[in-house]
Amino acid sequence: MKRELAKNWSIEFQKAIEASGLVEDLERCLTCGKCVGNCPVAALTPSYNPCQVIREVLLGNVERLLASEEIWRCFWCAGCYATCPSEIKYPLLMLVLRYYALEHGAGKKYVQIFKRFVLKAREDGVTFQPGGTQKLEKIKALRTSIGLTPLRVVSEQARKEYQQLFEMTGTMAWLEGLDAKPEAQLRLSFAPGRITGPGKEETSTCQAAEGGQTDD
């Protein structure tokens, strides 16, 4: 593993994250571990640690975070936010970190599968259309029975307006730009650490040894 050097950490990274307006005051994190204890991903992935991710943002350890597989494990259940005594919006931090990573070519494999879904939604003006003949026929029958059209109807004008939003917000340009960036390799970047039960050796999840080396 590449040796981490403190001189490579960016003191501007936290400002870049907070500039999104979605997450702020990460310094309020108490590293109490309540988020970790309430996180299903941490239960399945010992190296996934919200406390550690926040710490790396505060340190400006950009390289580790961009190469981190862990930031793609969160599925936004918001259990961390619900239990956080400091009310840190950790799910939104994950959202911003992922966008930041994608801008640097990291995590593309996790969004490519959704690209087709988004482009289909743009084409049809409908974000979700049920698939499968049997299921579709059942839905058509149910809608017809209550006086609705068999399927949702989107006017041509509505479709054009919806597509225009994709252009005005830069969504299409952003999606097309994903393909132009070389894909960065991801890895599990943090050392495993978990809180064990009574009578067993305890390791604080928020104070677990880091998965790399640093040098001042």
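Q: Leaving aside its neighbours within four places in sequence, with which residues is Leu97 in contact?
A: The model is a predicted one. In it, Leu97 is among the buried residues of H7. Once neighbours within four places in sequence are set aside, the contacts of Leu97 are Phe13, Ile17, Val53, Val57, Leu65 and Ile71.

Q: In the largest nonpolar core, which residues touch the most other members?
A: This core holds 38 residues. Helices H1, H2, H3, H4, H5, H7 and H11 each supply at least two residues of this core. The members that touch the most others are Leu93 and Leu97.

Q: Which helix gives the largest share of the largest nonpolar core?
A: The two members that touch the most others are Leu93 and Leu97, and both are buried residues of H7. The largest share of the core is 7 residues, and the helix that supplies them is H7.

Q: How far apart are the end C-alpha atoms of H7?
A: Helix H7 covers residues 90-103. Its 14 residues, at 1.5 Å a residue, should span 20 Å, because the expected span is 1.5 Å times one less than the number of residues. The model agrees with this expectation, as the end C-alpha atoms of H7 are apart by 20 Å.

Q: Against which helices do the buried residues of H7 pack?
A: The buried residues of H7 include Tyr90, Pro91, Met94, Val96, Ala101 and Leu102. The helices against which the buried residues of H7 pack are H1, H4, H5, H6, H8 and H11.

Q: For Arg98, which side chain of opposite charge is nearest?
A: Arg98 lies in helix H7 and is buried, yet has no salt bridge. A salt bridge would need a carboxyl oxygen within 4 Å of a side-chain nitrogen, whereas the nearest side chain of opposite charge is 9.2 Å away. That side chain belongs to Glu69.

Q: Which residues does Arg98 touch, not counting residues up to four places away in sequence?
A: Arg98 is one of the buried residues of H7. One residue that Arg98 touches is Trp76, which is found in the loop between H5 and H6. The full set, not counting residues up to four places away in sequence, is Ile71, Trp72, Arg73, Cys74 and Trp76.

Q: Is Trp76 buried, partly exposed or exposed?
A: Trp76 has a positive phi of about 60 degrees although it is not a glycine. Most residues other than glycine have a negative phi. The relative accessibility of Trp76 is 41%, so Trp76 counts as partly exposed.

Q: Is Glu87 buried, partly exposed or exposed?
A: Glu87 lies in the loop between H6 and H7 and has a positive phi of about 55 degrees although it is not a glycine. Its relative accessibility is 53%. The cut-off for an exposed residue is over 50%, so Glu87 counts as exposed.

Q: Where is the kink in H8 centred?
A: Helix H8 has 17 residues, which should span 24 Å at 1.5 Å a residue; the end C-alpha atoms are 25 Å apart, which agrees. There is nevertheless a kink of about 30 degrees in H8, and its centre is Phe114.

Q: Which residues of H8 are buried?
A: What covers the buried residues of H8 includes H7, H10 and H11. Just after H8, Gly125 takes a positive phi of about 75 degrees. Within H8 itself, the buried residues are Lys108, Val111, Lys115 and Ala121.

Q: What is the relative accessible area of Ser68?
A: Ser68 is found in the loop between H5 and H6. Not counting residues up to four places away in sequence, Ser68 touches Leu186, Arg187, Ser189 and Phe190. Ser68 is buried, and its relative accessible area is 0%.

Q: How far apart in space are Gln164 and Arg122, C-alpha to C-alpha?
A: Gln164 lies in helix H10 and is partly exposed, with a relative accessible area of 45%. Gln164 and Arg122 are 42 residues apart in sequence. In space, C-alpha to C-alpha, their separation is 9.3 Å.

Q: How many helices does the secondary structure of the protein contain?
A: The protein has 216 residues, of which 34% count as buried. Among its contacts with a separation of 6 or more, 74% join residues 24 or more positions apart. The secondary structure has 0 strands, and the number of helices is 11.

Terms used:
Residues are numbered from 1 along each chain as its sequence is written. This is a predicted model: local features need pLDDT of at least 70, side-chain atom pairs count only at pLDDT 80 or more; totals for chains, interfaces and linings use all residues. Side-chain values use heavy atoms; hydrogens and water are left out. Helices (H or I, at least four residues) and strands (E, at least two) are DSSP runs, numbered from the N terminus. Buried means under 20% relative accessible area, exposed over 50%, partly exposed in between (1.4 Å probe, protein chains only). Lys and Arg count as positive and Asp and Glu as negative; His and the chain ends are not counted. Contact means heavy atoms within 4.5 Å. The bend at a residue is the angle between axes fitted to the seven residues ending there and the seven starting there. A nonpolar core is a set of buried Ala, Val, Leu, Ile, Met, Phe, Trp, Tyr and Cys residues joined through side-chain atoms within 4.5 Å.
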